[in-house]
Amino acid sequence: MSKKAVHRPNLSRNRKSKARRALGWLAKLSIVGAVVLAVLMAYLDAQVRSKFEGKRWALPAKVYARPLELYPGLQLKPKHLIQELKQIGYERVPNVRTPGQYSVHGEEIDIYRRYVKLWDGEEAAARIHLRFLKEELVGVWLDGKPTEIARLEPLLIGGIYPSHNEDRQLVQIEDVPKLLVDTLVAVEDRNFYDHWGISPKGIMRAFMVNLQKGALRQGGSTLTQQLVKNFFLTQERTLQRKAIEALMAILVEIHYDKDEILEAYLNEVFLGQSGRRAIHGFGLASQFYFGKHISALNAYEIATLVGIVKGPSYYNPKRKPERALERRNVVLQVMHEQGLITEYEKKVWTMRPLGVVQYSQYQKVEYPAYLDLVRRQLRQDYAEADLTSEGLKIFTSLNPIVQRSAEQALSKRLKRLESGYRMPERSLQGAVIVASTESGEVEAIVGDRNPRYFGFNRALDARRSIGSLAKPAVYLTALRSGQYTLTSPVDDSPVQIAGAKGSLWEPQNYDKESHGIVPLYYAMANSYNQSTARLGMEVGLENVTNTFKDLGTVRTLPQYPSILLGAFEMTAIDVAEMYQTIAASGFHTPLKAIRGVTTAEGQLLSRYGYQVKQTIKTEPIYLLQKAMQQTVKQGTARYLNSRFDTSLNLAGKTGTSDSQRDSWFSGFSGDRLAVVWVGRDDNESMPITGASGALRVWADTMHDLPLKPLYPLPTEFIEEYWVEPQSNLLTKEKCEGAMLMPYIKGTAPQMQNECATGTKDKGGFWSRFF
Amino acid sequence: MMRFTLLSLVLFLSACATQPSSTDFTKSTSKSGLSVLPNWYHESVGYHLEGGQIYPDHPPLAKLLKDADKAFMRDDLAACQTLLERAQRIGTRETSVYVRLSYLYWVQKKNKLAEQMARRALAVLGADTAQKQEVSRLLSAIQSN
């Protein structure tokens, strides 16, 4: 019998059809994937090229102090010079051998100056020999030959940073020691010159380690990948991020050669933190850690820096020296294994200490109040973007010695005042400005009792009532008129002055006493309110406000009688501007902080030269200066006689505002002017006057600084006479109460007193008895 | 002596002057600079550089002023100004610094600044009327130009 045929479906054909469909989908997906990849690559390629071919980094502007000028005859304390040498990163050694060193032998100091490029020229590396006699520099030699003048490199005082606060000093690959490049490659990416951006070997090795640990513990990143990560990407460690990193690394390798990639890496890599600033690149790291240019690094210093790459915080040589040392020695071992150093060299350098400098040209200390002024003045000529990205070099007139003195004076004296007057701690604040009287250059600014504070700058922004600091303008108006002299009698009796809307103003003296008729200079020296207000009304409010304007006050003052006693607000720098004109004999020079600006390469962009304008005649200013010297000799600032040699002939004015909310002192020598404000931020009253507060800070600031005596500039229209001031009568030298007083020609008293005419005994010891 | 020195200084500078610059702060040109000087500048006896004592008796200041004069002679006005400003910081009451600054600004046609520098020179001269006469002449020449 035959079996019926069973119809079975064709399984083989079905399988083939399914496989074909699957392949079809795979092909379609592949095409889509390829398109997506192509688009991604194009996008990444654009990113890579725009970064590499545009401006790669935003370079902050660097701000420098003044270069110290050294010449025979300069008044300079050796300790100040040594302090500045330390700040600019010079190393003290027994005998100088290389640039960046100094030695001290008694009163002789040797300095091996580094090469420096300033805005007005270059100073070659040179040996400078200095001879001091106590606090005077008496001899200067340059490379063994006597010289009239030499300059040191200026201190880097800060920078103007982009918002991300990165800082770097760009280097070119040609400037980088070959040993550093070789060490970096040996430690971080041994196959750098062979791979094409990613290293499969490195990836496999890292994969195995991560698999064992069950977490992402090791990276197989090449230098190219590290560069890409820092340039473009975040720090997250995900597979997606790693994939993009790999693609970008390949693109970088396609477009740029190994040297270009290395150069970018050397300038990009993060190597530490200094306060707000992130240290990027080996160029800056060399300065920061070792105080030297990258080309001057030796092998163990190179090993230290390369070792930091793995973990700048973990291996920070300044904070974690033991770890940094251990890591350095590991790198030295690698250097030896790769044949970069000999066994002997490895042994010797492993024994060496780290050699990190304590100070460097790149230091944490900044001068925020001063930098604030620099920034404001620069904004008049430069856009913010230029300041934070072009690597400009800004050369200022900051004097680190004066700045340090002002900071310490304010900080210490405020504490003493709080303690002495039983005030709450930190209840007082202050501001100090120091400037050169003749050049108008600002040497120091302190805007807070904590000088490192980046915040409200009281020196530039705290508008406070100036009180008696206004009085010199009133007296100057009187002296300018030709109707008044220093010995003109002024009335210090009670006074009532009609104000606006029928109000009556009755100013009172600080001591609540009236002093009757007194000589004009005496009223100013003792800061009498009643006589000042009366005098101001006599000479006219409008004339007084014009005098303020001529002194350099920018704002328009209201025409109220109370302005005669300073019932209006100014900042400390406004006051300094005003008093600079007085100190410079009527020649107004706008206060400035900047001398010159160059590009990063040293090409001059701007210079800010000396400018001056005579706004007040010399003769009345001469008289005013004499009166202000009396303020120190016998008036409200006489405390200074206990702190300074009277031959300095200092001049100044104390200021205390209404209800003692503000304590001011503005004073000057022959070369320096300083303005000090002390007060409370909440504007509450204090048990402190100008004399007991700001004056003391002024004295502490200036006491440690060299000062020139003040000799007011007379003219041929100034004559001197012996006068008895209280009576305003001519007298003779040996007569009682005689003072030699200056007068503008034709304004001296005409009448003589009895002593002068001979009708009264001239006085003397025996005349008391006979 | 000082009167002769000051006069000689002015002559020396004028003899070495190049033409004044345009508002661009770079170079000066000699002829128009000399031409604005009044006749009495040209009529006086010339000053001899070697053996002259036109520099202050303060070596650092003298060095800076000599270098400033050399810069001026080679028409490098930027360097001249920089050196003079360095000198001004050291010798704030040195008349010859201000006289030089005045002349420097004058040849650059910055007359306002030139005038103020001359005024400053007058002020630091104090009561020395003899020297003041010389500087006053400079001031008058600037003001009349």
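Biologist: In the hairpin that β17(A) and β18(A) form, how many residues stand between the two strands?

Modeller: This is a predicted model, and in it β17(A) and β18(A) pair in the antiparallel sense over 4 bridges, with A:V432 standing opposite A:V446 in β18(A). The turn that joins the strands holds A:G440, whose phi is positive at about 75 degrees. Counting what lies between β17(A) and β18(A) gives 5 residues.

Biologist: Which residue in β31(A) is the bridge partner of A:A431?

Modeller: Strands of a sheet pair through backbone hydrogen bonds, either parallel or antiparallel. For β17(A) and β31(A) the sense is antiparallel, and the pairing extends over 8 bridges. In β31(A), the partner that A:A431 meets is A:W677.

Biologist: Which strands of chain A are the edge strands of the open sheet?

Modeller: The sheet has 5 strands, which pair in the antiparallel sense and follow the order β18-β17-β31-β30-β29 in chain A. An edge strand here pairs on one side only, and this holds for the strand at residues 442–446 and for the strand at residues 651–656. From one strand to the next the twist averages 5 degrees. The edge strands of chain A are therefore, by the rule that two strands pair if at least two bridges are found between them, β18 and β29.

Biologist: Which residue of β30(A) does A:G655 stand opposite?

Modeller: β29(A) and β30(A), the latter covering residues 662–668, run antiparallel and are joined by 6 bridges. Facing A:G655 from β30(A) is A:W664.

Biologist: How many of the residues of β17(A) are buried?

Modeller: In a regular strand the side chains alternate between the two faces of the sheet. On one side of β17(A) the buried residues are A:Q429, A:A431, A:I433 and A:A435, while on the other they are A:G430, A:V432, A:V434 and A:S436. Both faces of β17(A) are thus covered, and the number of its residues that are buried is 8 of 8.

Biologist: Which helix of chain A lies across β17, β29, β30 and β31?

Modeller: Helix α14, residues 400–420 of chain A, lies across β17 and β18 and runs at about 30 degrees to β18(A). The helix asked about spans residues 690–703 and runs at about 140 degrees to β31(A). The helix that lies across those four strands of chain A is α22.

Biologist: Turning to chain B, how many helices does it have?

Modeller: From the N terminus on, the elements of chain B run α-α-α-α-α-α-α-α. Chain B has 0 strands, and buried residues make up 44% of its 145 residues. The number of helices in chain B is 8.

Methods
Residues are numbered from 1 along each chain as its sequence is written. Chains are lettered from A and ligands numbered from 1 in the order in which they are written. This is a predicted model: local features need pLDDT of at least 70, side-chain atom pairs count only at pLDDT 80 or more; totals for chains, interfaces and linings use all residues. Axes are lines fitted to C-alpha atoms, for helices over the stretch in contact, and angles run from 0 to 180 degrees between N-to-C directions. Two residues are in contact if their C-beta atoms, placed from the backbone, lie within 7 Å. A residue is buried if 20 or more other C-beta atoms lie within 10 Å of its own, exposed if 12 or fewer, and partly exposed in between; C-beta atoms are placed from the backbone.
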